[in-house]
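Here's an informal walk through the hollows and helices of one protein chain. Have the coordinates open and follow along.

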Amino acid sequence: MAVPFIDLKRFEPGFLDRWADICRDTSANTRFVGGPEVQRLEQRLAELTGATEVVGCANGTDALQLALRAIGVGEGDVVVIPDATFWATFEAVINVGAKPVTVDIDEGDLQLDVDAFRESIKTYRPKAAILVHLYGWGSAKLQELRSIAAEAGVLLVEDGAQVLGAEVDGVSPYRDATIATVSFYPAKVLGACGDAGAVFCSTAEQAQVVRQLGNHGRTSHYFHGLVGWNSRMGGLEAGYLNLGLDVLEARLDSRREVAERYRRELADSGLRLIAPPDNWRENGYLSVALIDPERRDDFQAVLREHGIGFGNVYPSSIATQPGAEPWLVGQVGGEIADRVSRGVVNLPLFASMREEEVAEVISVAGEAAKVL
């Protein structure tokens, strides 16, 4: 039986009918940019996470750039980022005129390494850092990382593109962040019908700056207090996200159940499946296996032979990407991030996976593990 890596068409009963109603209403009232669906989404996200205010925007990359600019990061400033993340984290630093320094990750939870972070602050004296919550959870030492940044006067942006719906110490990771971001790319646990993102703000003043920057710096329609750009969320994207919020908990439960089942039923296979830290409740975004890089192709060949989809999120560390060389101003370590990137394999994981699909993945992955 073939099983896709992800299937975005597992709609709940009545979902498409409700979506058609939103499309009809949005079109009839020409609410294509901003409007009540966007306002409703922002309010619901604030209530869900405990953030002071949430500002919708065009995509997750813009969200990072808006967050960096809102806290005053710009031309020539040094910004520390993890060496294991999506390229957009790196891009955002470059696009605001700042200089990136990559920092290695912890092999246990695959998040930013605390000691390496301390070293990066001492060596490079950054103005800011981007802390990425990767794979559907974050660092076991999140509070320590926040404290280190605060004590050193380093402004901290939390890239939460993959962590909506997760919890740390019983609360949303967005709640206590100085400023944080999310992506609503369709493949996320809460995905839009196109690109969209949001910035989670800790003060109303911060939210006002973010909102202004994402709307051409406007103070009113034809007057501009800042130089921003166009990063407005559309009404259709917001409407689709509001429908997704209605069923988010059920989708998260489905994902978490599959992720935990993989870990439980493949525990004796020799396959190393990473679990979130004890103080995190994951959102089930990705199943993460680490394999000897020399054996990964053999393992994946067995999956491919049986029609089992898989991912490699992400197959290269930031510092080893060809596009990084002209921009990177420093590195602290990187060996672990490089090794993890060459050994990571992600098994199929999406909401509403069928029992027979999960069983097939477990069976084939167990067979594939014999090559390790």
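What follows covers the pockets, then the enclosed cavities, then two helices and two buried residues. Keep in mind that this is a predicted model.

**Pockets and cavities**

Here are the four spaces side by side.

| Space | Volume | Lining by class |
|---|---|---|
| Largest pocket | about 540 Å³ | 15 nonpolar, nine polar, four charged |
| Second largest pocket | about 350 Å³ | seven nonpolar, nine polar, four charged |
| Largest cavity | about 60 Å³ | eight nonpolar, four polar, no charged |
| Second largest cavity | about 40 Å³ | eight nonpolar, three polar, one charged |

Let's take the largest pocket to begin with. Its lining is made up of 28 residues, and if you want to find the middle, look for F86, Y185, K188, Y285 and Y314, which lie nearest the centre. The elements giving two or more residues to that lining are α3 (60-70), α4 (87-95) and β7 (179-183). Of the lining, α3 supplies the largest share, with three residues.

Now for the second largest pocket. Here 20 residues form the lining, and E42, G56, R211, N215 and R232 are the ones nearest the centre. At least two lining residues apiece come from α2 (36-49), β1 (53-57) and α7 (204-213). The largest share belongs to α7, with four residues.

How many cavities of 30 Å³ or more does a search of the whole structure find? It finds three. The largest cavity is lined by A84, T85, L134, Y135, V313, Y314, S316, S317, A337, V340, S341 and V344. Helix α11 (residues 335-343) gives the largest share of that lining, three residues. Y314 is worth a second look: this residue lines the largest cavity and also sits among the residues nearest the centre of the largest pocket.

The second largest cavity has a lining of A161, Q162, V163, L164, V182, S183, F184, K188, V189, L190, N283 and Y285. Two of those names should ring a bell, since K188 and Y285 also lie nearest the centre of the largest pocket.

**Helix α1 and its two sides**

Helix α1 (residues 15-28) makes a nice sanity check. With 14 residues at 1.5 Å a residue, α1 should span 20 Å, and the end C-alpha atoms are indeed 20 Å apart, so the two agree. The buried residues of α1 are F15, W19, I22 and T26. They lie on the same side of the helix, because the arc they cover around the axis is only 60°. There's a simple background to that sort of pattern: an α-helix has 3.6 residues a turn, so residues three or four places apart point the same way.

What covers that buried side? The buried residues of α1 are covered by elements including α2, α8 (235-246) and α9 (248-265). On the face turned away from the buried side you'll find D17, R24 and A28, which are exposed. Just past the end of α1, T30 has a positive phi of about 45°.

**Helix α7**

We met α7 as a contributor to the second largest pocket. Its buried residues are Q206, A207, V210, Q212 and L213. These pack against β1, α3, β7, β8 (197-201) and β9 (218-220). R211 of the second largest pocket's centre is not in that buried list.**Two buried residues**

S317 turned up above as part of the lining of the largest cavity. Where does S317 lie? It is in the loop between α10 (296-305) and β14 (330-332). Is S317 buried or exposed? S317 counts as buried because its relative accessibility is 1%, which falls under the 20% cut-off. Leaving aside neighbours within four places in sequence, S317 is in contact with D83, A337, D338 and S341. Of these contacts, A337 and S341 also line the largest cavity. As for I336, it is 19 residues from S317 in sequence and 9.2 Å away in space, C-alpha to C-alpha.

E158 is the other one to look at, and it lies in strand β5 (residues 155-159). With a relative accessible area of 2%, E158 is buried too. Setting aside neighbours within four places in sequence, E158 is in contact with L131, H133, L142, R146, P173, A177, I179, A180 and T181.

Terms used:
Residues numbered from 1 in each chain as written. Predicted model: local features only at pLDDT ≥ 70, side-chain atom pairs only at ≥ 80, totals over all residues. Heavy atoms only, no water. 1 Å grid on protein atoms, 1.4 Å probe; cavity = no way out; pocket = protein on both sides within 12 Å on 5 of 7 lines; lining within 4 Å. Points joined across faces, edges and corners; volume = space filled by probe spheres on them. Nonpolar A, V, L, I, M, F, W, Y, C, P; charged D, E, K, R; others polar. Expected span 1.5 Å × (residues − 1). Buried < 20%, exposed > 50% of the residue type's maximum accessible area, 1.4 Å probe, protein only. Arc of directions from axis to C-beta. Contact = heavy atoms within 4.5 Å.
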